[in-house]
Amino acid sequence: MNAQEKELDYPLGEHLPTKGGMTEVAPGVFWLRMFLPFALDHINLWLLRDHYEGREGWAIVDCCLDQASAREQWQHLFNHALEGLPVLRVIVTHLHPDHLGLAHWLCDYWKAPLWISATDFHTAHTLIHPSNPQHSAQAVDFLRAHGVTQADVLEAVTQRHLQFSHMVPDLPNQFVRLFDGMSLRIGSHHWRCISGHGHAPEHIALYCDALNVLISGDMVLPRISTNISVYDSEPLANPLQLFLDSLTKFANLPADCLCLPSHGKPFKGLHTRIAQLRQHHTDRLNELRTACAHQAQSALDAMGVLFKRTLDSHQTTFALGESLAHLHFLWYRGELERINAEVIRFKPTEAISLH
Ligand SMILES: [Zn+2]
């Protein structure tokens with residue numbers, strides 16, 4: 001446990017749900033955990049007791065990516081853990097494969113509707129059709145423009161488009177739209193949708209006032225900071241500003257609410273964690289301010305400043321997007337100028353460097 005985690009409270013201690021089972025974390029709210037084949041090796045999923053359209057059953061929140069072990073784990077739960085009741089709806093916080101991948105299978109298996117934001121539904125539909133070769137070329141050009149020359153990294157970003165459709169091979173063609181402020185009645189409780197931006201196009205977290213429980217998805221994680229990246233599809237994006245603005249909505253929730261994050265363990269200390277995340281980004285921005293004052297920085301240069309450890313080619317594509325997100329934040333604030341040459345670099349704006 002790192003120093004920052006010690007400031008948070010983990011009410012369930014070291015407990016983790018068993019592979020075949022689930023743990024009740026609040027009345028009618030159950031936690032399950034599935035394996036992911038990445039450095040981030042697990043995802044938390046939630047099952048809520050539901051009563052919908054006159055039937056008793058369950059609502060699922062997030063699905064895991066489409067892989068054999070996840071299907072087996074779901075099947076085991078269906079056979080042994082759901083009191084013989086059906087899944088009535090599949091709710092997905094955002095389009096990333098570990099959350100959305102198996103939605104097509106779960107919705108089909110239970111003939112249950114998918115509930116998701118419109119932005120993420122439609123974006124996911126464009127991402128599962130990676131056949132357009134221009135798209136890969138665009139991703140490579142984007143990395144080159146930000147200073148990347150290593151062949152393995154350029155190859156990795158080409159693969160990334162194909163990987164999405166590998167982990168999310170199919171999607172339902174219909175959905176129920178979730179949007180900010182919407183109230184969902186799940187079982188005997190109301191859950192309020194809270195949209196968040198910067199990590200995914202339109203991430204939806206759920207807060208239940210009566211239970212004082214927040215399903216925070218990837219917007220507030222206890223141990224790691226949420227990935228905030230600029231991607232080639234929106235090369236001038238300012239996702240860090242969007243993310244920090246979104247955190248303000250979570251800061252308005254009660255400080256003692258139980259947070260159910262997609263990665264890590266359920267925790268209390270939402271306001272502390274939000275302050276830590278803000279400080280994390282402030283520190284990173286200050287490091288870049290110093291580096292840019294010394295010498296104009298490309299996103300690749302900035303990555304060397306922000307990420308001290310060695311990164312493999314896939315991690316590099318994400319770290320580069322994250323570094324660019326921090327540069328863009330300072331650029332949109334008017335602190336940096338964007339010099340558009342063969343490699344894009346950022347330097348302090350004249351007005352500020354004269355001080
Ligand atoms: Zn995510």
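This report walks through a predicted model of one protein chain with a zinc ion, from its overall form down to single residues.

## The chain as a whole

Let's start with the broad view. The chain contains 12 helices and 15 strands. Its radius of gyration is 21 Å, close to the 20 Å that the globule rule gives for 355 residues, so the chain is as compact as a globular protein of that length. Measured out along its principal axes, the C-alpha trace spans about 65 × 45 × 35 Å.

Two further values help to picture the inside. Of the 355 residues in the chain, 55% are buried. Among contacts with a separation of 6 or more, 65% are between residues 24 or more positions apart.

## The zinc site

Which residues hold the zinc ion? The ion is coordinated by H94 through NE2, H96 through ND1, H199 through NE2 and D218 through OD, at 2.2 Å. Written as a sequence pattern, the donor residues are spaced H-x1-H-x102-H-x18-D. The site also ties together distant parts of the chain, as the pair H94 and D218 shows: these two residues are 124 residues apart. H94 sits in the loop between β5 (87-91) and α3 (97-100), while D218 belongs to the loop between β11 (213-217) and α8 (239-251). Both H94 and D218 are buried.

What about the geometry? For four tetrahedral donors, the ideal angle at a metal is 109.5 degrees. Around this zinc ion, the 4 donor atoms subtend angles of 88 to 176 degrees, which makes the arrangement irregular.

## Two helices to follow

The loop that holds D218 leads on to α8 (239-251), a good helix to look at next. α8 has 13 residues, and from its first C-alpha to its last it reaches 19 Å, close to the 18 Å expected at 1.5 Å a residue. Its buried residues are P239, L240, F243, L244, S246, L247 and F250. They cover an arc of only 160 degrees around the axis, which puts them on the same side of α8. A general point helps here: an α-helix has 3.6 residues a turn, so residues three or four places apart point the same way.

What covers the buried residues of α8? The cover includes the strands β9 (189-196), β10 (203-208) and β11, together with the helices α9 (270-294) and α11 (313-332).

One of these covering helices, α9, can be checked in a similar way. Its 25 residues should span 36 Å at 1.5 Å a residue, and its end C-alpha atoms are 37 Å apart, which agrees. Buried residues in α9 are L270, R273, I274, Q276, L277, H281, L285, L288, A291 and C292.

## Buried residues and their neighbours

Helix α11 is home to L320. With a relative accessibility of 1%, L320 counts as buried. Beyond its neighbours within four places in sequence, L320 is in contact with L143, H146, V148, A299, L300 and M303. A210 lies elsewhere: the C-alpha atoms of L320 and A210 are separated by 41 Å, and the two residues are 110 residues apart along the chain.

Q73 offers another example, this time in helix α2 (residues 68-80). At 7% relative accessibility, Q73 is counted as buried too. Not counting residues up to four places away in sequence, Q73 touches K19, R33 and M34.

## Exposed residues in loops

Now for the outside. The table lists three loop residues.

| Residue | Loop | Relative accessible area |
|---|---|---|
| E53 | between β3 (42-52) and β4 (55-61) | 68%, exposed |
| K111 | between α4 (103-110) and β6 (114-117) | 64%, exposed |
| H129 | between α5 (118-127) and α6 (133-145) | 55%, exposed |

Two of these have a backbone feature to look for. Most residues other than glycine have a negative phi. E53, however, has a positive phi of about 50 degrees although it is not a glycine. K111 is also a residue other than glycine with a positive phi, near 50 degrees.

As for H129, its C-alpha atom is separated by 33 Å from that of S183, and the two are 54 residues apart along the chain.

Key
Residues are numbered from 1 along each chain as its sequence is written. This is a predicted model: local features need pLDDT of at least 70, side-chain atom pairs count only at pLDDT 80 or more; totals for chains, interfaces and linings use all residues. Side-chain values use heavy atoms; hydrogens and water are left out. Donors are N, O and S atoms within 2.8 Å of the metal (3.2 Å for Na, K and Ca); water is not among the atoms, so sites may look incomplete. Four donors count as tetrahedral if all angles lie between 85 and 135 degrees; four count as square planar and six as octahedral if opposite donors are over 155 degrees apart and all others between 65 and 115; anything else is irregular. Helices (H or I, at least four residues) and strands (E, at least two) are DSSP runs, numbered from the N terminus. Buried means under 20% relative accessible area, exposed over 50%, partly exposed in between (1.4 Å probe, protein chains only). The expected span of a helix is 1.5 Å times one less than its number of residues. The arc is that of the directions from the helix axis to the C-beta atoms. Contact means heavy atoms within 4.5 Å. The radius of gyration is taken over C-alpha atoms; the globule rule is 2.2 Å times the number of residues to the power 0.38.
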